[in-house]
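I opened my notebook to jot down what I looked up in this model. Here it is, for anyone who wants to follow along.

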Amino acid sequence: MSKGITSRSEDYSQWYNELVTKADLAEHSAVRGCMVIKPYGYAIWEKMQATLDQMFKDTGHSNAYFPLFIPKSFFSKEASHVEGFATECAVVTHYRLKNDGTGKIVVDENAKLEEELIVRPTSETIIWNTYRGWIESYRDLPILVNQWANVVRWEMRTRLFLRTAEFLWQEGHTAHATEQEAVEEAERMLHVYADFVENWLALPVVRGTKTENERFAGAINTYCIEALMQDGKALQAGTSHFLGQNFAKAFDVKFTSKEGKLDYVWATSWGVSTRLMGALIMAHSDDAGLVLPPKLAPIQVVIVPIYKTDEERNEIGELADELIAAFKQKGITVKYDDRDTQRPGFKFAEWELKGVPVRITIGARDLKQGNVEIARRDLQSKETVSKEGLADTVEQLLEAMQQSIYDKALAYRNAHVTEVNSYEEFREVLESKGGFVSAHWDGTVETEKRVKEETKATIRCIPLDNKLEEGTCIFTGKVSKQRVLFAKAY
RNA sequence: CGGGAUGUAGCGCAGCCCGGUAGCGCGCGUCGUUCGGGACGACGAGGUCGCAGGUUCGAAUCCUGUCAUCCCGACCA
């Protein structure tokens with residue numbers, strides 16, 4: 001491992017790339033745009049998954065699994081949905097390979113599929129085609145299903161975790177008897193996401209809705225949570241869609257109501273992906289490496305012994321065993337790094353790079369005095385504390401760190417929401433300071449597009465709790481009823 | 001998909017212009033000394049030069065194609 005990584009100020013993109021690979025989270029694969037998520041990175045994803053999965057179950061959802069392949073014809077059924085995805089679909093056209101006689105493996109042209117299959121970019125179509133068979137009466141509703149799956153979107157430009165051609169996610173797909181119920185579901189899941197990202201990723205988010213321009217293809221309304229990264233760019237961390245009756249109409253999914261009336265079913269869908277990993281990495285990490293909020297850290301505490309003789313090593317080992325047992329009892333995950341092949345300084349740097357929240361160092365000196373040295377990753381600070389009641393000390397420290405990491409991100413976010421009242425000011429803030437820019441907008445797609453062309457900033461969202469206030473659009477000067485949040489985004 | 005750059009040992013790079021069969025640093029292995037912030041010494045292992053063609057007596061080096069990565073653009077619920 002080479003020493004150090006590129007600093008954020010030097011080159012933010014490179015800092016991110018090096019961090020992902022050097023902290024052993026993921027690497028590029030032999031396949032264009034696709035990544036290998038390595039065990040340490042996957043362990044973080046598994047923690048996210050486990051937590052979200054429980055949250056979904058607590059809100060009444062069940063998991064199911066739908067096919068990876070979708071018949072091409074399904075896609076043409078919902079016009080705006082097709083348009084949204086047509087340019088980035090992988091298509092399966094054949095089902096067999098053969099030896100061409102010279103030892104080369106080639107596609108067998110005789111094995112052409114009658115109907116081509118699309119590798120799912122999202123599963124609305126296959127799911128709604130299935131739901132048709134599940135739903136007859138209001139008694140069959142609601143259907144509250146989630147699936148954990150991989151999807152493929154043939155992106156032109158990819159970045160580890162942030163945008164890859166294949167990624168992992170969950171997609172919830174629900175069916176309801178009434179519009180109101182579906183809207184409530186979409187909003188409920190948005191709040192579940194916000195709750196998760198704020199309390200587990202320690203990352204504050206803005207809850208809002210998308211403009212028509214940024215909306216999911218096929219949705220009536222798209223709710224989103226938007227987070228701010230350290231370089232001042234916004235990142236969409238999750239979305240929840242109210243789909244109206246669009247997919248029910250496209251796939252002819254009707255139900256008989258209590259009153260005996262036949263009507264189309266109301267739908268939602270919602271998802272978060274491995275992109276959350278990118279958000280997590282960019283939000284908190286520093287020039288020494290990853291900074292992980294304790295709740296998502298695969299290893300919360302690492303113990304590094306410092307010894308000269310085997311005797312010392314054994315004595316420290318005994319103390320470490322006691323501490324480890326106490327930690328485990330509290331559900332704290334701990335790693336004892338007694339590798340004899342690396343020196344302590346090397347280990348310090350390595351575990352810092354990997355973002356382990358707490359490091360405990362025990363040397364001969366500490367043994368004598370009944371102390372240990374305890375270092376916290378987020379502040380890069382260390383102090384000497386008594387080994388008595390250490391598990392309690394660490395438990396409290398981990399909680400404090402979770403909060404402190406969130407508070408720091410919140411302070412940064414709050415300092416980077418800027419209200420502007422003129423286009424000049426708008427451009428100036430985007431250029432110099434970055435972050436969210438709160439400005440009046442006339443509500444038209446044309447204006448949003450023009451602003452994007454000129455400044456690269458898009459409307460990230462219309463905040464849910466937005467206060468209404470009269471104003472004039474910064475771009476056109478037309479009347480506006482409220483401010484919206486613009487930002488350059490990932 | 002357009003413009004630019006890169007691809008040589010696990011990682012970072014030199015060599016390429018001016019063709020003659022590959023080198024440096026880190027890492028890796030063994031032994032010894034070390035060990036409270038990325039140790040040191042000695043010896044050693046490791047590369048069909050991204051891949052495929054072509055030119056040539058001879059290609060890491062020249063030509064063509066192709067794949068991948070990075071940056072900028074277009075695109076991206």
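My entries below go from the domains to the RNA surface and then to single contacts.

**Entry: domains.** I kept in mind that this is a predicted model. I looked up the domain assignment of chain A and found domain 1 (12-61 + 136-284), domain 2 (299-397) and domain 3 (417-487). I then checked the C-alpha centres of domain 2 and domain 3, and they lie 50 Å apart.

**Entry: the surface near the RNA.** Which residues come nearest to RNA strand B? I found 41 residues around the strand, and the nearest are Arg-153, Arg-157, Glu-214, Phe-216 and Lys-456. Of the atoms of RNA strand B that come within 4 Å of the protein, sugar and phosphate make up 43%. Sorting the surface by class, I noted 19 charged, 13 nonpolar and nine polar residues.

**Entry: helices and strands.** I asked myself which element gives the most to this surface. My answer is H10, with seven residues. Helix H10 spans 344-353, and I listed helix H1 (12-22), strand E19 (358-363) and helix H11 (364-369) beside it, each supplying at least two residues.

**Entry: polar contacts.** I looked at three atom pairs with the strand.
- A polar backbone atom of Arg-215 sits 3.4 Å from a sugar or linking oxygen of RNA strand B.
- For Gln-236, I found a polar side-chain atom 3.5 Å from a sugar or linking oxygen of the strand.
- At Gly-363, a backbone N or O atom is 3.5 Å from a base oxygen of RNA strand B.

How values were computed: Residues are numbered from 1 along each chain as its sequence is written. Chains are lettered from A and ligands numbered from 1 in the order in which they are written. This is a predicted model: local features need pLDDT of at least 70, side-chain atom pairs count only at pLDDT 80 or more; totals for chains, interfaces and linings use all residues. Side-chain values use heavy atoms; hydrogens and water are left out. A residue is near a molecule or strand if one of its heavy atoms lies within 4 Å of it. A polar contact is a pair of N or O atoms within 3.5 Å; within protein, one must be able to donate a hydrogen and the other to accept it, and residues adjacent in sequence count only if both atoms are side-chain atoms. Helices (H or I, at least four residues) and strands (E, at least two) are DSSP runs, numbered from the N terminus. Ala, Val, Leu, Ile, Met, Phe, Trp, Tyr, Cys and Pro count as nonpolar, Asp, Glu, Lys and Arg as charged, and the others, Gly among them, as polar. Domain bounds come from an automatic or database domain assignment.
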